[in-house]
Amino acid sequence: MRLSSKTTTLLILAAVIAIAPVFFPSSYYFRVGSLIFVNGLAVTGLVILIGYAGQISLGHAGFAGIGAYACALAPVHLGLHPALAAVLGAALSAAIAFLVGRPILRLKGYYLAVASLGFGILVSMVLSNEAQLTGGPDGMAVPELGLRAVLKAIGIDLSNTEFWYAFSGLVLVIGAWLALNLYHSPTGRALRALHGSEVAARTVGVDVAHYKLVAFVLSAVYASVSGSLLALQNKFITPDVAGFMHSIEMVTMAVLGGAGSVLGAILGAAILTTLPQVLTVFQEYEQLMLGLVMMLVMIFMREGLLPSITRRIRGRAE
Amino acid sequence: MPELLQFLLSGITVGAVYALVALGFTIIYNASDVVNFAQGEFVMLGGMITFFAHAAGLPLPLAALIAIIATAGIGVALNKLAIEPARGAPVVSLIIITIGASIFIRGATQLVFDKQIHRFPAFSGDQPILIGGATILPQSLWVIAGALAVFFCLWLFFTRTLIGRAVLATANNRIAAQLVGINTNYVMTLSFAMSAAIGALAGVLVTPITLTSYDVGLALALKGFAAAMLGGMGNPKGALVGGLLLGILEAMTAGYISSQYKDAAAFVVILAVLFAMPQGLFGRKSTDRV
Amino acid sequence: MKFSLTTTALAGTLALVLGFAAPALADIKIGATLSETGPASFLGDPEAKTLKMLVEEINAAGGVNGEKIDLIVYDDGGDPNKARTFATRLVEDDEVVAVIGGTTTGTSMAIIPVFEDAEIPFISLAGAIEIIDPVRPFTFKTPHTDRMACAKIFEDMKKAGIGKIGLISGSDGFGASMRKQCLEIIGDYGIEVLADETYGPTDADMTPQLTNIKGKDGVQAVLNPGFGQGPAIVTRNYAQLAVGLPLYQSHGVASDGFIELAGAEAAEGVRLPGTALLVASLLPESDPQRAVVVAYKDAYEKATGKPVSTFGGYAHDALRILVDAITRAGSTEPSAIRDAIEGTSGLVGTTGTVTMTAEDHLGLDLSAFRMLQIEKGGWKIVE
């Protein structure tokens, strides 16, 4: 057990999300908060893939792209409600992950990294090349989710940024709850077993290929929903969402915070989302500082921030 | 027919660029099992430092030499300051460190130099050479010759020299290597210096063709990485063949199918090859350690 | 030990940040979100440098209506999502009265809703016509639309009797957007596209695409919408293959740097629509733009040591329009500034003479573009 029971994790998460707004001096902080939750959701999916199953992907932004563009395209072309479009995007991502996952996951380490990277690049290339459909690199508008209007009708009047803070926060808590349940399920145990050693897991009868695929498909769904949330929140989307940099960013968030724990990964998402905002004071030195922070954390806290800190606190207590 | 030849020459030119970048990956990977995502930044530094030294009045060969030595020094610093302190960290943490290093180097370059695009003159002029109705620039021949030379030197290094074998031994089993008297710290330092120098050399050779600026490293690293994986990571032969194959593939797709999807075609082929040969074309077979 | 070191470092950083973040006592707060880094840094960098330089100049001269300008610039790295966050920050946290920026069409389109909702005037520096068409109350822009650049090029082609062309465009935002807009209006000029090729923004060799264009029967000229290193490589490959047809570049490469990158020999004869800024010294004394462009060019090159580019000129014009509007409005109320921007009339900038109306939030016509040709490593006005 990394930190503590799953209830504690969820309580901490929910409490932070609920209490933080008290300290927000302006609604800009709601915007940053909701971005943290959106990124946190994608990264929670990567915890399943990287932290539980020990696989790597440098192409998960591809799934975020599918989720995002589903919300942009399905309402216009299929007449779907944006919420249903997000579900459709998630289903599509799952289906594609299922098809792509089987051959890709046979690969190991860097070979898996380059194959997943190739997949992500293919998705972003289609999104920016099929300009008649997607608007090309300049992006396209995304329809309003409409939930805020519904809430207003029943007497809950939230500003746009407040609504997205609350809504993406809620989705993140649900996502984290599902991921934590998975950890303690038989599937979770099988995943952790194959993370330890594939050969050993196979020997004790774990269907390694099957469970890797499960982790891949689940993490793809998380990334897809996260992309949908981003698109609906921004009401505008460009192929950058599926880009290589976004994939790298997701993995970095997960690993920086601690890919082994849901809370750690979300902490990583929080730090990497806030960092560019904080570093603006360094002006031209911004990039330099970002690189420096990434290196320092990984050198001095190699398992990621949260696991390293908890271990040290425990070490001191004992 | 001249079209086919032109596409081929274009593919070989671009492929040689990829191969040079891919070759830079092999030494560090062989010594430490780390894919150094800052490799592209070494290529960028080679081009940028040469340009600014040349613009400051130094003759081109001297400027290039300074760039290669300076970049090798930066490679050593990267190893000493970031990779060595993190020894024993999981591979994915090391990947993040090298990505952090690449962002850092990019940030420093834009401060020290600038964000403009630069080019210095080709070594032997810009007069195209005619080959059967198609043309190639003399600088492309320099790049191709550079890729072949680096490949040959690396092959000699790994198979014929003691220190080259020491690098391979270090990668294989660090403790065992130490036990047989290999100074593994020295091996690591040397590997980073050599990889960085190869990267910088690549930058010096390709800049008259591809141009350079503070942010060209990432795209080059991505293509070089893909080429190295296609050929099989760690094998100089794989890097050379993978790079050339990738370049030719792109040029043929752009020429005969669609220039929009030429990068896509390259990655589809990489995926197909990896599905059939999970270790790349010339990769080492590895077994799980239990 | 190591841990406490890191903690100290983190705490120190935080303290530094909080210290800096304390709001400076502002006079007129103007915000900007620009792509100083990332794939569009070629555009965003001169824009940011221009704004900083001009604000310093204005403040040294006593400010606007006696108040100093406080300029807040954020670097969105060309990422629309980041740009949106910075836009929210400018509006909600920094409480600026007006915003300049959106280096690319993608970032501009992503942040327009923020300013329209908050009713803060916003002047974009990006090319696409979608930014100002349909007109949105609070959104303006300074660069010519890409469509105008296409029109200028097609007019020149028609004059030269060119009716069939090959197109080779960059697949980045700039190239793709201009390609789209050129294709939309090309029919009006009776010009036909026989070959339509693209290349990636980081590609090293475009000879396959150009070989295909060269091999198409009947092509009379080639047009290359794009910016950054791509067009320079296209121009070099064009010379390498000895295509021998007129080559048109876009306003995206209108800078002295382009000639240097492509090489004077390869760039000989290349035509492109550019602004007065590029040919400042060639303008006749009678030209109304001469004083403005010469002053900006000299100041920028002195301050940065780099040659001016069209893109810095866009930022120059945006700030001039804004300062002019604030002066006329005599107020720093965002809505008053908006009304005054819409009332901009006869303002001479680097891109042309700007006259806005309620229906036109750009205020430029085709005459602002000048057809330029590269000759012996320099520019020549051909008209």
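Colleague: Let's start with helix H7 (residues 207–215) of chain C. What makes you call this helix mostly covered?

Modeller: Good place to begin! Eight of the nine residues of H7(C) are buried. This comes from a predicted model, and a residue counts as buried if 20 or more other C-beta atoms lie within 10 Å of its own. The residues of H7(C) that pass are Thr207(C), Pro208(C), Gln209(C), Leu210(C), Thr211(C), Asn212(C), Ile213(C) and Lys214(C).

Colleague: And what covers the buried residues of H7(C)?

Modeller: Parts of two chains. From chain B, the cover includes helix H1 (2–32) and helix H10 (236–257). From chain C, it includes S6, strand S7 (192–199), S8 and H8.

Colleague: S8 turns up there. Which way do the residues of strand S8 (residues 221–224) of chain C point, and are they buried or exposed?

Modeller: Ala221(C) and Leu223(C) point one way, Val222(C) and Asn224(C) point the other way, and all are buried. Each of them therefore has at least 20 other C-beta atoms within 10 Å of its own.

Colleague: How do you know that strand S6 (residues 164–170) of chain C pairs with S8(C)?

Modeller: Count the bridges. Two strands pair if DSSP finds at least two bridges between them. Three bridges join S6(C) to S8(C), so the two strands pair, and they run parallel. In this pairing, Leu167(C) stands opposite Leu223(C).

Colleague: What makes S8(C) and strand S9 (residues 247–249) of chain C a pair?

Modeller: The count here is three bridges, again between parallel strands. Two would be enough, so S8(C) and S9(C) pair as well. Asn224(C) has Gln249(C) as its bridge partner in S9(C).

Colleague: Why is the crossover from S8(C) to S9(C) called a β-α-β crossover?

Modeller: Follow the chain: it leaves S8(C), passes through helix H8 (residues 229–240) of chain C and arrives at S9(C). That is strand, helix, strand, and this crossover is right-handed. Right-handed means that, with the strands pointing away from you, the path from the first strand over the helix to the second runs clockwise.

Colleague: Is there another unit of that kind to look at? Which elements make the β-α-β unit with S1(C)?

Modeller: S1(C), helix H2 (residues 41–60) of chain C and S2(C) make a right-handed β-α-β unit. Strand S1(C) covers residues 28–34, and six of its seven residues are buried.

Colleague: How do you know that S1(C) pairs with strand S2 (residues 69–75) of chain C?

Modeller: Seven bridges join them, and the pairing rule asks for at least two, so they pair; the strands run parallel. Ile28(C), for example, stands opposite Ile69(C). S1(C) also has four bridges to strand S3 (residues 98–101) of chain C, which runs parallel to it. There, Gly31(C) stands opposite Val99(C).

Colleague: Over to chain A. What makes you compare chain A with a globular protein?

Modeller: First, its make-up: chain A has 15 helices and two strands. Its radius of gyration is 19 Å, close to the 20 Å that the globule rule gives for 318 residues, so chain A is as compact as a globular protein of that length. The C-alpha trace spans about 55 × 45 × 45 Å along its principal axes, and 58% of the residues count as buried.

Colleague: Why are residues 28–51 of chain A called a "transmembrane region"?

Modeller: That name comes from UniProt, in an unreviewed entry, which also lists residues 163–183 of chain A among others. In the model, residues 28–51 of chain A are 100% helix, with end C-alpha atoms 32 Å apart. Residues 163–183 of chain A are also 100% helix, with ends 30 Å apart.

Colleague: How do you know that chain A touches chain B?

Modeller: Two residues are in contact if their C-beta atoms lie within 7 Å. By that test, 35 residues of chain A are in contact with 39 residues of chain B. The largest share of the chain A side, 10 residues, comes from H5(A). By class, that side has 24 nonpolar, seven polar and four charged residues.

Colleague: And how many residues of chain A are in contact with chain C?

Modeller: 28 residues of chain A are in contact with 31 residues of chain C. The chain A side of this interface divides into 12 nonpolar, 10 polar and six charged residues.

Note on methods: Residues numbered from 1 in each chain as written. Chains lettered and ligands numbered in written order. Predicted model: local features only at pLDDT ≥ 70, side-chain atom pairs only at ≥ 80, totals over all residues. Buried ≥ 20, exposed ≤ 12 C-beta atoms within 10 Å, placed from the backbone. UniProt positions renumbered as here; feature names shortened; annotations may be inferred. Nonpolar A, V, L, I, M, F, W, Y, C, P; charged D, E, K, R; others polar. Rg over C-alpha atoms; globule rule 2.2 N^0.38 Å.
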